[in-house]
Amino acid sequence: MIITVTLNAAIDKTLAVPNFRLGRRHRAVEQTAMAGGKGVNVARALKALGQPVIATGVAGGPTGTRIIEHLTEEAILNDFVHIREESRTSTAVVDPTSGDQTEINERGPRVSEAELELFVDKLLYLAKGAGVCVFAGSLPRGLDIDLYARLVEEMQKLGVTTILDSEGEPLRLGTRAGPSVVTPNELEAEELVGHEFADEDDRSTGVREMVEMGAREAVMTRPAGCLAMLDGEHDGGGARRLYRALLDPLEPVSAVGSGDAFLAGYVAARYGGSSAEDCLRFAVACGAESTQHFGAGVIDPREVDRLLPDVQVESLGAPAVEVSG
């Protein structure tokens, strides 16, 4: 079983608005609303890929009720803790004429210590039957910024593979706790390692630095693919190597949630025992295919398979990074 954790779940609204301009009145030509938050989007894509997944986290108020109803309607197994404050709504405006994307994310609810304890108890119970746990997205108000780090450590005690996709201090502290994999995008990776990337050498150095900070493996997503430092057989040991995976970008319908589809593809391939290169190939294909749909985490597995031969994965021959633990 794969667990996805979304502590700042939302109703995600996506609007297609041609020639979108600030300060003007517009009419959407297409719109959708679905349960969202990074972990929820990952769960949706994993479900489409036929993987055993359960989505958990916290959800509150009428919006939280809608989130759970949407998941149930999509037949996505879920087990959320109900909290007092209202879950958030996030809005993305996609301009189909330019490809530009504007996102507005509400602040979200405050989670109390008692509500957090209920969630942690639920997570530890679910983890007894899990092989992988994905922690994805931002933390809501009221929670310590080291929460992901603490949860990663708890999952490791149970022998569960941990994958962390967040940003800022929660990502930095979580990385130092030694998760199995961290998966930031390029901007998040720059913030994590503390410097900007001017060229490919800088990006390669940044991926190595994420591993040196504590992550066993690191994957940095980019619009055309990813850079990654992975164990050759994902066996928790052996030589780590640097890989680059690329696919010519597709003309997007919407790029909202493409990183979440990438992560779902990586998790699905890894859960299925694929090699490092095949995990990256499948992840890039999933991320690219998701841009052909309106709605985060929506993918067509048949089209993913069609894209796989076009994904180029190259081992860059980087020396192994020695990390204790």
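Two strands are said to pair if DSSP finds at least two bridges between them. The exercises below apply this to a predicted model.

**Exercise 1. Determine in which sense E4 and E5 pair, and place these strands in the sheet.**

Step 1. E4 and E5 pair in the parallel sense, over six bridges, and Thr56 stands opposite Asp79 in E5.

Step 2. The open sheet is formed by 10 strands, whose order is E5-E4-E1-E8-E9-E10-E11-E12-E13-E14, with mixed pairing. E5 and strand E14 (312-315) are the edge strands, each of them pairing on one side only.

Step 3. Helix H2 (residues 61-73) packs on this sheet, where it touches E4 and E5, and its direction makes about 175° with that of E5. In the loop between H2 and E5 lies Ala75, a residue other than glycine whose phi is nonetheless positive, near 60°.

Step 4. Elsewhere on the strands, H4 lies across E8 and strand E9 (161-165), and runs at about 180° to E8.

**Exercise 2. Check the span of helix H3 (residues 113-127) against 1.5 Å a residue, and work out how its buried residues are arranged.**

Step 1. The 15 residues of H3 should span 21 Å, and since the C-alpha atoms at its ends are 21 Å apart, the expectation and the model agree.

Step 2. With buried meaning under 20% relative accessible area, the buried residues of H3 are Glu115, Leu116, Phe119, Val120, Leu123, Leu126 and Ala127. Seen down the helix axis, these buried residues fall within an arc of 135°, and therefore they line one face of H3.

Step 3. The general reason is that an α-helix has 3.6 residues a turn, so residues three or four places apart point the same way.

Step 4. On the other side of H3, the exposed residues are Ala114, Glu117, Leu118, Asp121 and Tyr125, whereas the buried residues are covered by elements including strand E1 (2-6), strand E4 (53-60), strand E5 (78-83), strand E8 (132-136) and helix H4 (147-157).

**Exercise 3. Decide whether Thr175 is buried or exposed, and describe its surroundings.**

Step 1. Thr175 lies in helix H5 (residues 168-176), and it counts as buried because its relative accessibility is 0%.

Step 2. Leaving aside residues up to four places away in sequence, Thr175 touches Leu164, Val182, Leu192, Met210, Met213, Gly214 and Ala215.

Step 3. The side chain of Thr175 also reaches the backbone oxygen of Leu171, at 2.7 Å.

Key: Residues are numbered from 1 along each chain as its sequence is written. This is a predicted model: local features need pLDDT of at least 70, side-chain atom pairs count only at pLDDT 80 or more; totals for chains, interfaces and linings use all residues. Side-chain values use heavy atoms; hydrogens and water are left out. Helices (H or I, at least four residues) and strands (E, at least two) are DSSP runs, numbered from the N terminus. The expected span of a helix is 1.5 Å times one less than its number of residues. Buried means under 20% relative accessible area, exposed over 50%, partly exposed in between (1.4 Å probe, protein chains only). The arc is that of the directions from the helix axis to the C-beta atoms. Contact means heavy atoms within 4.5 Å. Axes are lines fitted to C-alpha atoms, for helices over the stretch in contact, and angles run from 0 to 180 degrees between N-to-C directions. A polar contact is a pair of N or O atoms within 3.5 Å; within protein, one must be able to donate a hydrogen and the other to accept it, and residues adjacent in sequence count only if both atoms are side-chain atoms.
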